[in-house]
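Let's take a walk through this model together, going from sheets to cores to a few local details. Keep the viewer open and follow along as we go.

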Amino acid sequence: LGLALYAGSLRAAFLYHDYCVIGAGPSGLQAAYFLQQAGRDYVVFERSHAPGSFFALYPRHRKLISINKQYTGKSNDEFNLRHDWNSLLSHDRRLLFRRYSRDFFPNADAMVHYLEDFASLLKLQVQYNTAIIHVTLERNEQAWNGHYFLLTDQDRQNYKCSSLLVATGTWVPNVVNFPGSEYVEGYETVSINPEDFAGQTVLILGRGNSAFETAENILGVTNFIHMVSRSRVRLSWATHYVGDLRAINNGLLDTYQLKSLDGLLEGDLEDLAIIKDKKGKLHITLRFYLENRNTSAGIDSITLPQDELDNFATRAPYDRVIRCLGWKFDFSIYNRSLRMMPGKGNKKKYPQIKPNYESRGTRGLFVLGTASHSVDFRKSAGGFIHGFRYTTRAVHRLLENRHHGVPWPSTVYPITQLTNSIIKRVNEASGLYQMFSVLADIILLRENATAFEYLEEYPVGVLAELEMQTGRKAHNGLFIVIMEYGRNFSGADKDVFYYNRAVGEAQHAWQSNFLHPVIYYYKRLPTEREMRLRPPDWPLPRPDAVHHIVEDFLTDWTAPNAHILPLRRFLENCLSTDLRNFFAESCFLFAFTRQKLPPFCRQGYIRMRGLLGSEGLRRHAVEAGLLQDYALTDFLGDRQPDSHEGSQDQLLRDHVVPVRPLQHLVNAKDE
């Protein structure tokens, strides 16, 4: 009895859930929504008393740089999400961000209010005031992934989960240590009152949006502002990456280039040193000047760069130095058994994950939201709400298939709807539009290309694993629909406003620069090796055929000649079939004159499907050049039938149909 009670107390010490989500920011709430809709056992842990605690403090100056477009001229909700960068995905129309703010660049307080309502109105299972301080593994062959995740909070309460979704974002400030760095103020604590900087000279370390946001706030009251960083400034309109410097914050570029005292410098911050003089002024020098010297001896005994180079750029002393270097992921709470490792190079602030957002070190641990941005860093929008709301949905669909046997959602259509389906998606889909080059629609062809299965917004990085990850089969070839910018159009050093920057003719579509749809055709599913060896900066390996839909100034790809006709002909060439739509009269004629009917006639006319025709419609088609006038008068002489039905009756009364053509009609029906 004692052993049984002891074992029971051990079990009670761990509160079990199938899914544990760490963090109730936007990505954590988005994951919770999908889990709740699917009826799964889950819990979200949030260290603060409310969701979205990051936005309660950041950005410090309270203006978001995610656009909130109220009007698009369209009533299509999916299309409008292309220009709504703040809303999370849900079925509740009350939870569209435009109902919380009308500002194009909203205040961060509106985001805090929005996330609170999202959690409460949808009744998401969020456990507040719970800070997870340690995560480790427990091996167990019965578990989904061969182990359980054990979590401990600040009150030493333990939790056990089968799958762990990390949605904590990147919130630990990046700090560079160098001699004198103790004199530097952090973005997270510096004053946001411009009057505190009146008449001062300021040096800002960093060159991202937080640095320029800080500069913009004090631009009108300082003596001058200098900004130093390792890399040159990258403008988002040139790189087409929303994480680079946005126009709303770039006032300092004006004052720099128009020589109004402010300026930008490039240099490695680790080579710097700061010396404070007796008056409290901060002098910039280089680390090697301080080698083997006693910095406490006073500034007079230390060699400064201007002592050797009298026009040294930062020779003027500063009143304040502000660090604005962004944030990084918090690795401290994860036990070594999870093998949560930082990325390499400029991705070291993110954990290493696979293209399906699963940790490279631990199966069943998925990283969501901003912290998952290593998959598309500096390429797409995966580090921002308008991007990771879709990647979070993709992760949920992968988990549904892996753990619950629910295949990736798909729709089956007859092959005659292939062109229409693609045109509809490229003109409406927000996930393809925001996560360009990362998420793609997959079109799986059925045997003999009589039908196709349409899968939306699948991560192309795991294309080789499509059958395993989705539960769908790709035995007969596939099309992939993706959005791309031109290969050589984006970059910090690119002139994106040059005179002939856009093309308008379909024959030059492959030279399109702006975001446009690209359709890849593969006769078989690409292998893992082909994905690994794909050309640099290509989202996919070389296809059997590829088609670019020419860029459009209005992002409206519905022009019959420029967009739809070239696409249809490309699809026809790949499938060796005729995808045109026909009037009943044409199908009737083809049944007597062709050995093989077009799919539209086989699937429509022969099966008694389609619109009921009339003489007026037939005459309109003839006059428009869409239908040849086979002159019913050849059969009827001067008699004019009163209706379409009457014309057919008259034709059958006056003429005997030969046996052989009728046999062809029977064969066409059998096909």
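Strands S10 (residues 224-229) and S11 run parallel and are joined by four bridges. If you would like a place to anchor your view, look for Ser229, which stands opposite Glu266 in S11. Keep in mind that you are looking at a predicted model.

Now widen the view to the sheet around these strands. Five strands make up an open, parallel sheet, and their order is S8-S14-S9-S10-S11. Its edges are strand S8 (185-186) and strand S11 (263-266), each of which pairs on one side only. Lying across strand S9 (201-205), S10, S11 and strand S14 (320-323) is helix H6 (residues 209-218), which runs at about 175 degrees to S10.

A second sheet is worth setting beside that one. As background, strands of a sheet pair through backbone hydrogen bonds, and the pairing may be parallel or antiparallel. Here six strands form an open sheet with antiparallel pairing, in the order S17-S19-S18-S20-S21-S22. S17 and strand S22 (545-548) are the edge strands, with a partner on one side only. On average, neighbouring strands of this sheet are turned by 20 degrees against each other, direction ignored. Within this sheet, strand S20 (residues 478-484) and strand S21 (residues 516-522) run antiparallel and are joined by seven bridges. Leu478 stands opposite Tyr522 in S21.

Which helices go with these strands? Helix H10 (residues 385-404) lies across S18 and S19, and runs at about 120 degrees to S19. Helix H11 (residues 418-428) also packs on the sheet, where it touches S17, S18, S19, S20 and S21. The direction of H11 makes about 20 degrees with that of S19.

From the sheets we can turn to the interior. In soluble globular proteins, nonpolar side chains tend to be buried together. In this model the largest nonpolar core has 66 residues, and the members that touch the most others are Leu29, Tyr114, Phe118, Val135, Leu151, Leu164 and Tyr334. Helix H5 (residues 108-121) supplies the largest share of this core, eight residues. The core also draws at least three residues from each of domain 1 (15-171 + 328-400) and domain 3 (410-575). Apart from this core lies another, of 28 residues, including Ile422, Ile423, Phe436 and Phe479.

Leu164 is a good spot to zoom in on. Leaving aside neighbours within four places in sequence, Leu164 is in contact with Cys20, Ile22, Val135, Phe149, Leu151, Gly364, Leu365 and Phe366. Two of these contacts, Val135 and Leu151, are also on the list of core members that touch the most others.

Another residue to visit is Ser27, which is placed in helix H2 (residues 26-37). Is Ser27 buried or exposed? With a relative accessible area of 5%, Ser27 is buried. Not counting residues up to four places away in sequence, Ser27 touches Ala167, Leu368, Gly369, Phe388 and Thr392.

Next come the aromatic rings. A pair of aromatic rings is described by the distance of the centres and the angle of the planes. The whole structure holds 30 aromatic pairs. One of them, Tyr33 with Phe34, is edge-to-face, at 5.3 Å centre to centre and 65 degrees between the planes. Tyr33 and Phe34 are both buried. Ring pairs link these two with Phe97, Tyr100, Tyr114 and Phe118 into a cluster.

For contrast, try the pair of Tyr413 and Phe452, which is tilted, at 5.5 Å centre to centre and 35 degrees between the planes. This pair links distant parts of the chain: Tyr413 is in strand S17 (residues 410-414) and Phe452 in strand S19, 39 residues apart. Phe452 is buried at 0% relative accessibility, whereas Tyr413 is partly exposed at 32%.

Finally, a few backbone details deserve a look. Glu457 lies in strand S19 (residues 451-459) and has a positive phi, near 55 degrees, though not a glycine. Glu457 counts as buried because its relative accessibility is 3%, under the 20% cut-off. Ser437 also has a positive phi, near 70 degrees, and is placed in the loop between helix H12 (430-434) and strand S18 (439-445). Ser437 is partly exposed, with a relative accessible area of 27%. Last of all, the peptide bond from Tyr58 to Pro59 is cis, with omega near -10 degrees, and Pro59 is found in the loop between helix H3 (53-57) and helix H4 (77-80).

Terms used:
Residues numbered from 1 in each chain as written. Predicted model: local features only at pLDDT ≥ 70, side-chain atom pairs only at ≥ 80, totals over all residues. Heavy atoms only, no water. Helix = DSSP H or I, 4+ residues; strand = E, 2+ residues; numbered from the N terminus. Buried < 20%, exposed > 50% of the residue type's maximum accessible area, 1.4 Å probe, protein only. Pairing = 2+ DSSP bridges. Contact = heavy atoms within 4.5 Å. Axes fitted to C-alpha atoms, helices over the stretch in contact; angles between N-to-C directions. Core = buried A, V, L, I, M, F, W, Y, C linked by side-chain atoms within 4.5 Å. Domains from an automatic or database assignment. Phe/Tyr/Trp six-rings, centres within 6.5 Å; stacked < 30°, edge-to-face > 60°.
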